[in-house]
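Work through the following exercises with the structure open beside you, and try each task before you read its solution.

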Protein chains: 4
Amino acid sequence: MHFASDNTSGVPDAILDALRDANAGFAMGYGADRYMDALRDRIRALFEAPEAEVFLVATGSAANALACASYCPPWGVIYCHKLAHIEVDECGAPEFFTAGAKLTHVAGTDGKIDPNALASVLAQSGKGVVHHVQPGMVSLTNLTECGTRYSVAEISALAEIAHAHGLPVHLDGARFANALVAEGCSPAQMTWRAGVDVLCLGGTKNGLMGVEAVVFFDPAKAWEFQLRRKRGGHLPSKHRYLSAQMLAWLENDLWLDLARHANAMAERLEAGLAGHAQIAYPRGGNMIFATWPRAGHDRLQDAGAEYYLWPDHATWDDPDPIGARLVTSWSTTEAHVDRFLTTLASQNALPSGAALG
Amino acid sequence: MHFASDNTSGVPDAILDALRDANAGFAMGYGADRYMDALRDRIRALFEAPEAEVFLVATGSAANALACASYCPPWGVIYCHKLAHIEVDECGAPEFFTAGAKLTHVAGTDGKIDPNALASVLAQSGKGVVHHVQPGMVSLTNLTECGTRYSVAEISALAEIAHAHGLPVHLDGARFANALVAEGCSPAQMTWRAGVDVLCLGGTKNGLMGVEAVVFFDPAKAWEFQLRRKRGGHLPSKHRYLSAQMLAWLENDLWLDLARHANAMAERLEAGLAGHAQIAYPRGGNMIFATWPRAGHDRLQDAGAEYYLWPDHATWDDPDPIGARLVTSWSTTEAHVDRFLTTLASQNALPSGAALG
Amino acid sequence: MHFASDNTSGVPDAILDALRDANAGFAMGYGADRYMDALRDRIRALFEAPEAEVFLVATGSAANALACASYCPPWGVIYCHKLAHIEVDECGAPEFFTAGAKLTHVAGTDGKIDPNALASVLAQSGKGVVHHVQPGMVSLTNLTECGTRYSVAEISALAEIAHAHGLPVHLDGARFANALVAEGCSPAQMTWRAGVDVLCLGGTKNGLMGVEAVVFFDPAKAWEFQLRRKRGGHLPSKHRYLSAQMLAWLENDLWLDLARHANAMAERLEAGLAGHAQIAYPRGGNMIFATWPRAGHDRLQDAGAEYYLWPDHATWDDPDPIGARLVTSWSTTEAHVDRFLTTLASQNALPSGAALG
Amino acid sequence: MHFASDNTSGVPDAILDALRDANAGFAMGYGADRYMDALRDRIRALFEAPEAEVFLVATGSAANALACASYCPPWGVIYCHKLAHIEVDECGAPEFFTAGAKLTHVAGTDGKIDPNALASVLAQSGKGVVHHVQPGMVSLTNLTECGTRYSVAEISALAEIAHAHGLPVHLDGARFANALVAEGCSPAQMTWRAGVDVLCLGGTKNGLMGVEAVVFFDPAKAWEFQLRRKRGGHLPSKHRYLSAQMLAWLENDLWLDLARHANAMAERLEAGLAGHAQIAYPRGGNMIFATWPRAGHDRLQDAGAEYYLWPDHATWDDPDPIGARLVTSWSTTEAHVDRFLTTLASQNALPSGAALG
């Protein structure tokens, strides 16, 4: 019953096999391995973007911060939601890699930036006034940190506003595959066709050991990115172990299958929570935020269930009912879900919706 | 015949097996995995340093830059050899992570800092004068970038000078295991007992996929380091894959066996080069820098041998004879070495030592 | 009729005279002039702080950013009001000097941080969690950017909360003198006795050419500050011209007289606006934010009055009525004020309060 | 007998008068004053560069660091002499403002970069190799830190090499006027016509209180510079006091007259030293580095002469003879010089040149 994060899961056998295969013999380092050549081709084909440049790093924070730094100057503003991973969960990595850019919050419900709020903030951005930091870029996350999902139309609408102000759009895709299969669109539709300039394509949360691709749809920033990556200590010498993993992950749509499974498990979990918990946000993929009475938490904890309280600063001392974040992954099983639900519901059904506050 | 770098080699089966074992089930991320607990204990025991703090990152540049940043302020000087990896081969990572420290060269032959030169530089350091950058730390590399080795006594002598000026000592140990087995001392003798304050213990060049440990013998900097690591995008979420690898590497002295093998292959190679090439530096472990006539290079290139010209800026247009850097690894075989030597010597013995100039 | 800013005013003759006196002969640079010795003594006496360290810089942004950087690490948070000068008007100087700290807004009306909001934000600060930036310091401004004033009791209350969380308190005192004379307390009461750890004592807006003092009540940060100042290009070689100015400014309470005059002019202006304009904030010193019908603006503009529209992003295209920021200074005269008021009121009295919105 | 530095001198009456004139009335801040408009026109005319952009800051370190940061990326190299002010005397300001660039020494005698050395360093620069920092710019100083002078031809030769490698050229002109009048060329000849892309035109050492102009001959970097200046805390609010000073300084060739006087005093001093001291470098303007026996120093110290020992790390404990740096300024008088010389020579003539060794 591990629902703490999709990064607590392991990797499928296919990835282990790919590592073993790639281990044979010698390979030139730093990205000059043949797996990387194949991976680059594969991603270009998948995204219908023959000019795209692709680079790998080992963590999502590195991918995001390096991508942002490639576009946003030190005196720039990165417009993002106040719950964005880059704002909350990276210990200031974007500020570090950009040499001091400012992250400015743009309002919106359910973890999603509201187009009107973005337009309004940009209309008062202080552009051209030397006393003010200058508009730099817009950063979106899909799935969001609330587990919700931007539709293609929503991304397009935000990107249109950003581009109208001359700002590039970054997409933090730590859970891009989960969003993609839920949305049922093509990779191109969710990215460059919708106006995304640079994508951080997350592999780690969806079945890899620690591999993220930064995909520049406009290759102009490629060389600068590579220098920033090296300088940031993020250019692996034995690079083949990253590229071979991601290559195997993309083969035969494995990445999509893994994401579909994770989403299906979340759907099953959500369905089972009905009547027992209050769901906080419309589910976009494989994350659920829900609140239920303390007694249910007590039973789950006794049974060894693992999950984080929610919101971030929640504690067991909070008043009843208490919130939780539940994340499923490619390795979540129906049995995990069902045992969780059974434990939650075991003694008493939820007395009344009102009690959940 | 791959002698380009020890990072072109793969990993032993034991490491692949450890990854497969560690892959089972769920594990909390970010260093809270049980492999890390075991690894920390193991390193403390190996180094006879029960208070030491141990952290993992995926690249040597990250290890070095984060370690340096933990000790050297933005206005500080890192004293190092002009050929040091941190000076030459990390695209300014130390400057980036320290927010602008200066790397000042200290002279010395064979890639090793000369104690008199260090004393002299520190005597004129500008300490306490606000116009000058301030002494920050001393950084050594063992093996050095010239493939030479500091003895324990040499490290102690340099550390004594550094400490007398209040400066901590960093040891870039990308090839620490190679140095250790060649020197025939204990890990403690080559590090904290000799005055090293922080060690970057390299695993990648000696049989791991991309794992380096930063070992703080004084734990005072541990929390700051962790924040810098996270902020630098270097805290892996699926951390178990790093810790499990290094744990397996340390078991049954595998790491030392791998290093001994690499060194033995270099010894064999060096012996065979006698009479055919001019050796540039006294060999400290698994690296050889040598010069031989162009004809020998031609034969080797035709036979598919891989190695870098040396020095860094050497090209095939340089006048005869031409230098090469040859690096052996745990996966170098006697057959590789012998074929290399046979190819080099196949047609003509070296006419005269003088010709190698 | 110059009400654009107190920094559009010149300096009193006493300052020009002091410059001429200080100009005679040679003087050692970089702060080793005798005026600085006298100034340091004078400030220590004025603030009843014999241990305080005092340093000069030429701009308020430099003073603030250097003071903040001396306390807040790169991964730290500076808690401030969303309208704070450091947040809005310094083009990211604090982020630059701290190497990437984050400025987090704390709510409060009238430009003043609310103690409950501060307590609440600090209770959820993420302290000790490596994924989050860490609490760094609290920054207050007095007078605030809304022209309001923190009382001594209010500063004490906020500082108590900050200190309870181990955070130092910075006071941006660009208009400290205006606040001081309005509050009618001693310099010590408004600073260290209330819990302020470092004060940026503004001279520029109150009669100097460009001189700000950074006063550390705890001298522990003095040497680091001096290195940061030099490295930031803020250590003047011909330092005497700064110290002589500020020394003359403090003599015979000139600085307080200048501030009292500015405040009195604002009081006169505010009184005259009654019935003609809607005042936005309780006046704390020498700044007034007010809204009145477009027709009044038209008359004032025709008459050559200078002031900024308010809020920052206001334009002449905004719907009636339109806001203005009015700032008086030591050189504002009663004639300036009266002419302004007469022009505003010349044709038509304000029809009704409701019309002002 | 003040020969410590030209920054220990005051300012001429004309500058004080200009300040008093500029003090009248109100003036918009941050560079929007009419003196700045006039100054910009004047500098454009003087340098025959109608497109040039001109910005003021208060210190030479700020001018240099901001100019360098406008051209050199964080992963860039600034090629300079090892004695350059930006390398030695700014506490790492260039590293700070560039966010971590590296200063690489280029050899050359008498404080001047040797063209062959520059060509050689650039030929091995590692350009295009991701592991190495990348060539960023070339920085020259005229007068140099050794008091020598680059001729127009020498600047041209170096700039040609730099430009051939795509690198811009920065000229640290803290003593530009001294170099200019000594060289007897036009401002354009010593700058853009010789290939200089950005000039830091020093006013402080030559009769101003603290005013330096950054002159961009290519205006492309103007906006970025302004943001960096503001963010660096170097945009003065009461800007008129800087622009009015420099405007008066340029009027009627005052700046050239001041420099000519300083140089003439150095010439007189140098002539008088003959037979009493060993001159270290060919004099380029207003600085002399010389060595003479301890007894002469003793007499001068007793008589209150002020100067720095040389080289930087020299002390009174050094063996006889001891070096000194002597700097003249616009306010040095013939009486100062003659008294210095008389004191030095008073008792004993220099026994033999050999003794000066």
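**Exercise 1.** In this predicted model, determine how many salt bridges the rule finds across the interface of chain B and chain C, and then describe that interface by its residues and its buried area.

*Solution.* Begin with the charged pairs: a salt bridge requires a side-chain nitrogen of Lys or Arg within 4 Å of a carboxyl oxygen of Asp or Glu, and across the interface of chain B and chain C the rule finds 0 of them. Next, list the residues in contact, which are 20 from chain B and 20 from chain C. Then turn to the area, where the two chains bury about 1700 Å² between them, with 72% of it on carbon and sulfur atoms. Finally, look at single contributors on the side of chain B: B:Trp75, B:Val130 and B:Arg231 supply 39% of the area that chain B buries against chain C, more than any other three residues.

**Exercise 2.** Work out how chain B is superposed on chain C, and find which C-alpha of chain B is nearest the axis.

*Solution.* The superposition takes a rotation of 180° with 0.0 Å of shift along its axis, and the RMSD is 0.0 Å. The two copies are therefore related as by a two-fold rotation axis. In chain B, the C-alpha nearest this axis belongs to B:Ala99, at 3.3 Å from it. As a last step, compare the contact residues: 100% of those of chain B recur in chain C, and the same surface thus serves both copies.

**Exercise 3.** Describe the interface of chain B and chain A by its contacts, its buried area and its salt bridges.

*Solution.* Here 51 residues of chain B are in contact with 51 residues of chain A. The area buried between these chains is about 4300 Å², of which carbon and sulfur atoms give 57%. On the side of chain B, the residues B:Phe26, B:Arg231 and B:Lys238 supply 19% of the area buried against chain A, more than any other three residues. The rule finds 2 salt bridges across this interface. For a salt bridge to inspect, go to the side chains of A:Arg20 and B:Asp17, which meet at 3.1 Å, N to O.

**Exercise 4.** Is strand E2 of chain B, residues 76–80, largely enclosed by the rest of the structure or left open? Give the reason, and then locate its partner strands.

*Solution.* Strand E2 of chain B is largely enclosed by the rest of the structure, because 5 of its 5 residues are buried. Follow the side chains along the strand: B:Gly76, B:Ile78 and B:Cys80 point one way, while B:Val77 and B:Tyr79 point the other way, and all are buried. Now consider the neighbours, keeping in mind that strands of a sheet pair through backbone hydrogen bonds, either parallel or antiparallel. E2(B) pairs with strand E4 (residues 134–141) of chain B in the parallel sense over 4 bridges, and 4 bridges also join E2(B) to strand E3 (residues 102–105) of chain B, again running parallel. B:Tyr79 can be followed to both: its bridge partner in E4(B) is B:Val138, and in E3(B) B:Tyr79 stands opposite B:Thr104.

**Exercise 5.** Find which strands stand at the edges of the open sheet of 4 strands in chain A.

*Solution.* Write down the order first, which is E8-E9-E11-E10 with antiparallel pairing. Strand E8 (278–279) and strand E10 (308–310) of chain A each have a single partner strand and stand at the edges, so one side of each is left without a neighbour in the sheet. E8(A) pairs with strand E9 (residues 287–292) of chain A over 2 bridges, and A:Gln278 has A:Thr291 as its bridge partner in E9(A).

Definitions and conventions: Residues numbered from 1 in each chain as written. Chains lettered and ligands numbered in written order. Predicted model: local features only at pLDDT ≥ 70, side-chain atom pairs only at ≥ 80, totals over all residues. Heavy atoms only, no water. Buried < 20%, exposed > 50% of the residue type's maximum accessible area, 1.4 Å probe, protein only. Pairing = 2+ DSSP bridges. Least-squares fit on C-alpha atoms with pLDDT ≥ 70 in both. Contact = heavy atoms within 4.5 Å. Buried area = accessible area lost by both parts, 1.4 Å probe.
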